[in-house]
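The following exercises concern the surface and the inner spaces of a protein model. Please study the sequence and the structure before attempting each task.

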Amino acid sequence: MDIFYAILPAIFWGSLVLFNVKIGGGPYSQTLGTTMGALLFSIGIYLYDPVQLDMKTIIIGLISGFFWVVGQGGQLKTVDLMGVSKALPISTGMQLVATTLFGALIFKEWDSGKSVTLGIIALVLIVTGVIFTSVKDKNDKDDGGGNLKKGIITLLVSTFGYLVYVVIVRLFGIDGWDVLLPQGFGMMIGGLVLTAKHKPFNTYALKNILPGLIWATGNMFLFISQASVGVATSFTLSQMSVVVATLGGIFILKEHKSKRQLVFITIGIVLIIISAVLLGVSKT
């Protein structure tokens, strides 16, 4: 049952963007609606199980939530440019590289020869996997690499947002459960600030509350599973969301891929999964 709880974040997070795309509305309405759902969920959790909030927790939670919106908004923009099955593996790979290097350099997680060896191998596999998932079909119309270049630049900003969202809570030693409510308000503030000029207030924003609830549910199960299976294992399993999202993009959203692309995407996903497992092992 513990492993089942640890797998749930991957299922919820992997399906998040599929719901966003299915519901529609464009990246800005999708971002705003998702933050609304996340805030509603965090308020519900707080009312069910109130925690004592000090000023440090509130401030860090607000900052963390705001930067999550930077990450999620950038990811949704890239999905709009490149499609789920191409954008999500690249996004996941970038996040794994960023969090791994930050953990190694700042948190000194590479504290042994084993950690360094496995970490370097994992990074190489991630980069290789991302390259494989980005392979173009020979018959694709050439746009000069415009969408890919725009997507990569947007994902670099997105990755920075996700990185701050993840590490700032740990950097200040705040319990993940305690930070849920201020994090939810930070997400809502970020959603309003970063999308306001694009007029995202419409029925699509309201419909995208559902993906926000889905994301927040996955976030809750991540915290629950960390207590039973450990941070390294729960983090590793949560990264399997790339499988759910990529396969969902191909088979549910019907994103066209040639047989050649499917082979390379499959190999790329496998390499990213192996790298995530290696990173988890290196931290145990």
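Four exercises with worked solutions follow, all on a predicted model.

**Exercise 1. The nonpolar surface patch**

Task: Determine which residues make the nonpolar surface patch, and which helix supplies the largest share of them.

Solution:
- Step 1. The patch covers about 590 Å² and is made by Ile43, Leu47, Leu62, Phe185, Ile189, Val193 and Leu194.
- Step 2. Helix 2 (26-48) and helix 7 (180-195) each contribute at least two residues to the patch.
- Step 3. Helix 7 gives the largest share, namely four residues.
- Step 4. Ile189 lies in helix 7. Its relative accessible area is 42%, so Ile189 is classed as partly exposed.

**Exercise 2. The largest pocket**

Task: State the volume of the largest pocket and describe its lining by residue class.

Solution:
- Step 1. The volume of the largest pocket is about 1,200 Å³.
- Step 2. The pocket is lined by 46 residues, and those closest to its centre are Tyr165, Val166, Leu222, Gln226 and Phe235.
- Step 3. Among the helices that each supply at least two lining residues are helix 1 (2-23), helix 6 (146-171) and helix 9 (209-229).
- Step 4. By class, the lining comprises 25 nonpolar, 17 polar and four charged residues.

**Exercise 3. The two cavities**

Task: Describe the volume and the lining of the largest cavity and of the second largest cavity.

Solution:
- Step 1. The structure contains two cavities of 30 Å³ or more.
- Step 2. The largest cavity has a volume of about 70 Å³. Its lining includes Ala38, Phe41, Gln183, Trp215 and Met220. Helix 2, helix 7 and helix 9 each give two or more residues to this lining.
- Step 3. The lining of the largest cavity has seven nonpolar, four polar and no charged residues.
- Step 4. The second largest cavity holds about 60 Å³ of space. Among its lining residues are Ile45, Tyr46, Asp49, Trp177 and Asp178. Helix 2 provides the largest share of this lining, three residues.
- Step 5. The lining of the second largest cavity consists of seven nonpolar residues, one polar residue and two charged residues.

**Exercise 4. Positive phi values**

Task: For Lys199 and Lys254, find the phi value and decide whether each residue is buried or exposed.

Solution:
- Step 1. Lys199 is not a glycine, yet its phi is positive, at about 50°. Lys199 belongs to the loop between helix 7 and helix 8 (203-207).
- Step 2. The relative accessible area of Lys199 is 71%, and Lys199 is therefore exposed.
- Step 3. Lys254, also a residue other than glycine, has a positive phi near 60°. Lys254 is placed in the loop between helix 11 and helix 12 (259-282).
- Step 4. With a relative accessible area of 64%, Lys254 is exposed.

Technical notes. Residues numbered from 1 in each chain as written. Predicted model: local features only at pLDDT ≥ 70, side-chain atom pairs only at ≥ 80, totals over all residues. Heavy atoms only, no water. Patch = residues over 30% accessible without salt bridge, like charges linked within 9 Å, V, L, I, M, F, W, Y side chains within 5 Å. Areas by Shrake-Rupley, 256 points an atom, 1.4 Å probe, with all protein chains shown as cover. Salt bridge = Lys/Arg side-chain N within 4 Å of Asp/Glu carboxyl O. Buried < 20%, exposed > 50% of the residue type's maximum accessible area, 1.4 Å probe, protein only. 1 Å grid on protein atoms, 1.4 Å probe; cavity = no way out; pocket = protein on both sides within 12 Å on 5 of 7 lines; lining within 4 Å. Points joined across faces, edges and corners; volume = space filled by probe spheres on them. Nonpolar A, V, L, I, M, F, W, Y, C, P; charged D, E, K, R; others polar.
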